[in-house]
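Take a moment with the model below before reading on. The text then goes through it step by step.

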Amino acid sequence: MSVTIPPERFGLLFPFHLVCDADLVVQHTGRSLRRTCPALVPGEALNAHFTPLASPGPIRPDDLAGEPRRLQLLRHRTSPLILRMQVLVFEEPRRFVFLGSPWLRSASDLTALGLTFSDFAVHDASVDLLQVVQTAIASLDDAREATARLTEQRAQLRDANDALQASQSRFRRLTDTITDLVSIVDLDNRYVYVSPSCRTILGFEPEHLLDRTPDEFFHPDDLHILRDIRARRTEAPRTEQTDYRFRTASGDYRWLEAASSPVLDDDGTMVQVLVVSRDISRRKAAEEALAASRDRLQKQAEDLARANEELAVSARMKDQFFANMSHELRTPLAAMIGLSESLRGGVYGSVSPGQDRIIGTIEESGNHLLEMINDILDLAKLEAGTLTITPGPCDAGEILQASISMVRSQAAKKEQSIRRLLPSAPIRFEADGRRIRQALVNLLSNAVKFTPPGGTIEMRVDTDAEAGEVRFHVEDTGVGIPEADLPSLFRPFTQLSSGLAKSHEGAGLGLALSQRLVRMHGGRIGVTSTPGQGSCFTVTLPWTPPR
Amino acid sequence: MYGMVNRAIQDHVHRCHGEAMWARVKERAGVDIDVFIRNEAYPDELSYCLVGAAAAEMGVAAEEVLHEFGIFWVLHTAREGYGDLMAAAGSSLPEFLQYLPNFHDRVALIYPNLKPPQFDYSNAGPDRITVHYHSHRTGLAPFVVGLLHGLGRMYETPVTVEHTVRRADGADHDEFLVTWSAPAGA
């Protein structure tokens, strides 16, 4: 069969074809070869433009004619073009027809040669092979990228694994050495981890608790705690701190103080619960002992309060009794004293000197008794809280003068002299004058009592403007007070240890009463004394200096 | 579809919207693949899921995402992996579009498992051509429009693309009238 191919069809089938004469002078070229090698025009010597790829010499016609099935590779002298050709030899006249296309190793060769797919015959597989190669290259790139990504991920995985192992190792060391009991419970409330301290705290091997629930070990009375914690945790994961009793290997229970915290994953979802427990049995025992002690103390305090209350009632009854008794005593006594005075005054007829002396003794004893009863009455009122003072304007000089007049006759009997020192200017202050005078008279009366006959008593008043005080001083040249007696000086019914003091009458109420009266005014009584030389009592009262 | 399409989606989202957005798109699509191998066949559903997820994450219509992917595919994905081949397919937009049928036929040779679309053309003129698009897949016409716009940019030739025949309207294929003015610098 013979097929004649028109030249334009031949050019379409072999766009890179080349026809040379017997001397390898170019006679015709395909359209694509002309585009690639524009200088390769008819008349040009083929060897001027191409050389054999494999040998250094020129292209020889004999070589082309001798081996028609041999692949001819021609290198373009001025471009990267390499033609991959099969040569057909036609005779009479001899012509060499080169059929083939450029050798392409990659798609970039196309670009370098300025070629497009349209330059190739459709049947030419070069372009398809290029696409296959390019696809393989792309796949290789993808494989490299995937390998690099895998390598990177493997490194990250290794680092993460190392970090995890380090973390686990730290955790293990921590839990192996910690004295607290560390445990992890899963969402089914089963132990998945228990630290070795379980042995010392509970007496169990850690494995004994694994896959079991805390419910099996909780004290039955404390199970509600467990249920409450779980209920709250279901609502919102939170850290809880609770005390409960936990069964040990010996069957008894130990108090544990436990802090349970949710273990969250990266999404914030609780996956486990971490529980750190501490044995607080000793503390609980101490707390129970303390509570028992506190209860005992509380009971004692209540007993004491009851006793105090009863005592206060007794004291009030006593004070009431004293008040009543004093009143009952004073009324007949006043009659006795009054009648004695009337007798001595001759109201009921004349009395003999002997009778007068006896009546005088009765009167004097009655007065003394009355004085004592008055003191007892006042003290009872003070103790009962019923004695009140009525402050008003007072003149220190007048009070001093009045106080002295009250003891003057007593002093005269012992031939004692009373000196008074009054300030040049009047001293006025706010006080209940009658009660202050009562206190001062007590002091003066004591001074007269404890000062030997012929002694001297001095009473003076002065002020301290800076301190805002007015001071009354009662100083004697009496027996003085031993230092040991000073602390009990103002206690009621107290007898001083001094033998001289005991030789004097008195119930020991005067100083106690005076001190309480002065204190009711916001003042105080002080004393300095030298045994055998005398004493000085000072009544200090608040005073506002005149402007 | 072959991995190249998924790779285009990945590269586009990653480059234009960042790695975090791509991570969200993958998560939403339920895809756990780090590297798409370009000549590896993947289920079509995976590509559709990625497009849907990207549209949802970006808050735009899927058609818009497909259009953007088409442009990106030409200008980046194809050029970066097959730049010389793309260049060899034609020295101008009309030449490329006329070679397009052969180009895809050759692609079918390389990817035996691929069911590539078929392109054809008609009414080729100095400033226009009608591109015929046949595919067993549906809903990818916006992607083709994006490809055509991307080719216009690649050849620096301003184009308009009119979707003249639609499968959505009952036709057996889509047709796009592509018109252009002179390329930049011509």
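Which residues have the most contacts inside the largest nonpolar core? They are Phe50(A), Phe98(A), Phe117(A), Leu50(B), Met86(B), Leu97(B) and Leu151(B). Keep in mind that this is a predicted model. The core itself has 87 residues. Its named residues come from chain A and from chain B. The element that gives the most to this core is α4(B), with 10 residues.

Now pick out one of these residues, Met86(B). Set aside its neighbours within four places in sequence. Met86(B) is then in contact with Val74(B), Ala78(B), Phe96(B) and Phe103(B). It also touches Leu151(B), Met154(B) and Tyr155(B). Leu151(B) is itself on the list of residues with the most contacts inside the core.

There is another core, apart from the one that holds Met86(B). This other core has 35 residues. Among them are Ile436(A), Ile525(A), Phe537(A) and Val539(A).

Next, step back to chain A as a whole. Chain A is 547 residues long, and 37% of them count as buried. Its elements are 15 helices and 18 strands. How do the contacts of chain A run along the sequence? Take those with a separation of 6 or more: 53% of them join residues 24 or more positions apart.

Then turn to the place where the chains meet. How many residues does each chain bring to the contact? Chain B brings 24 residues, and chain A brings 26 residues. Between them, the two chains bury about 2100 Å². Carbon and sulfur atoms carry 55% of that area. On the side of chain B, Leu85(B), Arg106(B) and Ile110(B) lose the most area to chain A. Together these three make up 28% of what that side buries.

Charged and polar pairs also link the chains. The count between chain B and chain A is 3 salt bridges. One of the residues involved is Arg7(B), which forms a salt bridge with Glu145(A). Their closest N and O atoms are 2.6 Å apart. Across the interface, 9 residue pairs are in polar contact.

Which elements of chain B give two or more residues to the side that touches chain A? They are α4, residues 62-88, and α5, residues 93-110. The largest share comes from α5(B), with 7 residues. By class, this side of chain B has 14 nonpolar, 4 polar and 6 charged residues.

Notes. Residues are numbered from 1 along each chain as its sequence is written. Chains are lettered from A and ligands numbered from 1 in the order in which they are written. This is a predicted model: local features need pLDDT of at least 70, side-chain atom pairs count only at pLDDT 80 or more; totals for chains, interfaces and linings use all residues. Side-chain values use heavy atoms; hydrogens and water are left out. Contact means heavy atoms within 4.5 Å. Buried area is the accessible area (1.4 Å probe) that two parts lose on being put together, summed over both. A salt bridge is a side-chain nitrogen of Lys or Arg within 4 Å of a carboxyl oxygen of Asp or Glu. A polar contact is a pair of N or O atoms within 3.5 Å; within protein, one must be able to donate a hydrogen and the other to accept it, and residues adjacent in sequence count only if both atoms are side-chain atoms. Helices (H or I, at least four residues) and strands (E, at least two) are DSSP runs, numbered from the N terminus. Ala, Val, Leu, Ile, Met, Phe, Trp, Tyr, Cys and Pro count as nonpolar, Asp, Glu, Lys and Arg as charged, and the others, Gly among them, as polar. A nonpolar core is a set of buried Ala, Val, Leu, Ile, Met, Phe, Trp, Tyr and Cys residues joined through side-chain atoms within 4.5 Å. Buried means under 20% relative accessible area, exposed over 50%, partly exposed in between (1.4 Å probe, protein chains only).
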